[in-house]
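Student: I've got a structure open and I don't know how to read it. Could you walk me through some features?

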Amino acid sequence: MPGIREFMTCDHRACDDLFAGIEAAVVGADWPGAKAALKNFTTAMLRHFGAEEEILFPAFEEKTGMRMGPTQVMRSEHLQIRDLLAEMEAALARQDGEEYSGAAETLLIMMQQHNMKEENILYPMCDQHLEAGAIGVLAQVSERVGRAPA
């Protein structure tokens, strides 16, 4: 069974693939396709955030006592990402490729930075500190994102 880092990193890559699908639809001016792809991406992202915010982060905070550290930073970034998703949705509703692209570029940079922090700092800390409970936490997280661990 994979650890939290491996599982959540795989989920990041799955979300990245969905994000690329939106871009392809926008480039082709396939507005209905872009809207559908954004809906799928947003659903996956919100599931991922929910798994972190409702299961993983609380378990980590409980075990370590760190409530204002890395998990607080990640929650703050999740809020910013949610705002960008709303901007992207509004741009697609107006079929405004330029506005969409601006918000999507900002989101891409933010996701890359966010994912690096999680994958290289927070998830390894979760694997380290949750040790015995990691399998239970991982099972809950995988159920929340709707994907079984590999």
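Tutor: Sure, and keep in mind that this is a predicted model. Let's start with Gln-95, which sits in the loop between α3 and α4.

Student: What is the phi of Gln-95?

Tutor: General idea to begin with: most residues other than glycine have a negative phi. Gln-95 isn't a glycine, yet its phi is positive, about 55 degrees.

Student: Where does Ala-29 lie, and what is its phi?

Tutor: Ala-29 belongs to the loop between α1 and α2. Its phi is positive too, about 55 degrees, although Ala-29 is not a glycine.

Student: How do Ala-29 and Gln-95 count in terms of exposure?

Tutor: You look at relative accessible area: under 20% is buried, over 50% is exposed, and anything in between is partly exposed. Ala-29 has 46% relative accessibility, so it counts as partly exposed. Gln-95 comes out at 45%, so partly exposed is the label there as well.

Student: Let me try that on helix α4. Is Glu-105 buried or exposed?

Tutor: Glu-105, which is found in α4, has a relative accessibility of 53%, so it counts as exposed. Gly-102 lies in α4 as well, but with a relative accessible area of 36% Gly-102 is partly exposed.

Student: How far apart are the C-alpha atoms of Gly-102 and Met-88?

Tutor: Here you compare distance along the chain with distance in space. Gly-102 and Met-88 are 14 residues apart in sequence, and their C-alpha atoms are 8.7 Å apart. Try Glu-105 and Leu-84 next: they are 21 residues apart along the chain, with 9.9 Å between their C-alpha atoms.

Student: Okay, let me zoom out. How many helices and strands are there in the chain?

Tutor: Five helices and zero strands. Reading along the sequence, you get α-α-α-α-α. The radius of gyration is 16 Å, close to the 15 Å from the globule rule for 150 residues, so the chain is as compact as a globular protein of that length. As for its dimensions, the C-alpha trace spans about 50 × 30 × 20 Å along its principal axes.

Student: And what share of the contacts joins residues 24 or more positions apart?

Tutor: Among contacts with a separation of 6 or more, 77% are between residues 24 or more positions apart.

Student: What percentage of the residues is buried?

Tutor: Buried residues make up 41% of the 150 in the chain. In soluble globular proteins, nonpolar side chains tend to be buried together. Here the largest nonpolar core has 25 residues, and Phe-19, Ile-22, Phe-41, Tyr-100 and Leu-107 touch the most other members. Helices α1, α2, α3 and α4 each supply at least two residues of this core, with the largest share, eight residues, coming from α2.

Student: Which residues does Phe-19 touch?

Tutor: Leaving aside residues up to four places away in sequence, Phe-19 touches Phe-41, Met-88, Tyr-100, Ala-104, Leu-107, Leu-108 and Met-111. There's another core apart from this one, with 19 residues, among them Phe-57, Met-74, Cys-126 and Val-145.

Student: Last bit: how much area does the chain expose, and how many charged side chains does it have, positive and negative?

Tutor: The chain exposes about 7600 Å², with carbon and sulfur atoms supplying 55% of that. As for charge, there are 13 positive and 24 negative side chains, and the centres of the two sets lie 5 Å apart.

Definitions and conventions. Residues are numbered from 1 along each chain as its sequence is written. This is a predicted model: local features need pLDDT of at least 70, side-chain atom pairs count only at pLDDT 80 or more; totals for chains, interfaces and linings use all residues. Side-chain values use heavy atoms; hydrogens and water are left out. Helices (H or I, at least four residues) and strands (E, at least two) are DSSP runs, numbered from the N terminus. The radius of gyration is taken over C-alpha atoms; the globule rule is 2.2 Å times the number of residues to the power 0.38. Buried means under 20% relative accessible area, exposed over 50%, partly exposed in between (1.4 Å probe, protein chains only). Contact means heavy atoms within 4.5 Å. Accessible areas come from the Shrake-Rupley method with a 1.4 Å probe; for residues, only the protein chains shown count as cover. Lys and Arg count as positive and Asp and Glu as negative; His and the chain ends are not counted. The place of a charge is taken as NZ of Lys, CZ of Arg, CG of Asp or CD of Glu. A nonpolar core is a set of buried Ala, Val, Leu, Ile, Met, Phe, Trp, Tyr and Cys residues joined through side-chain atoms within 4.5 Å.
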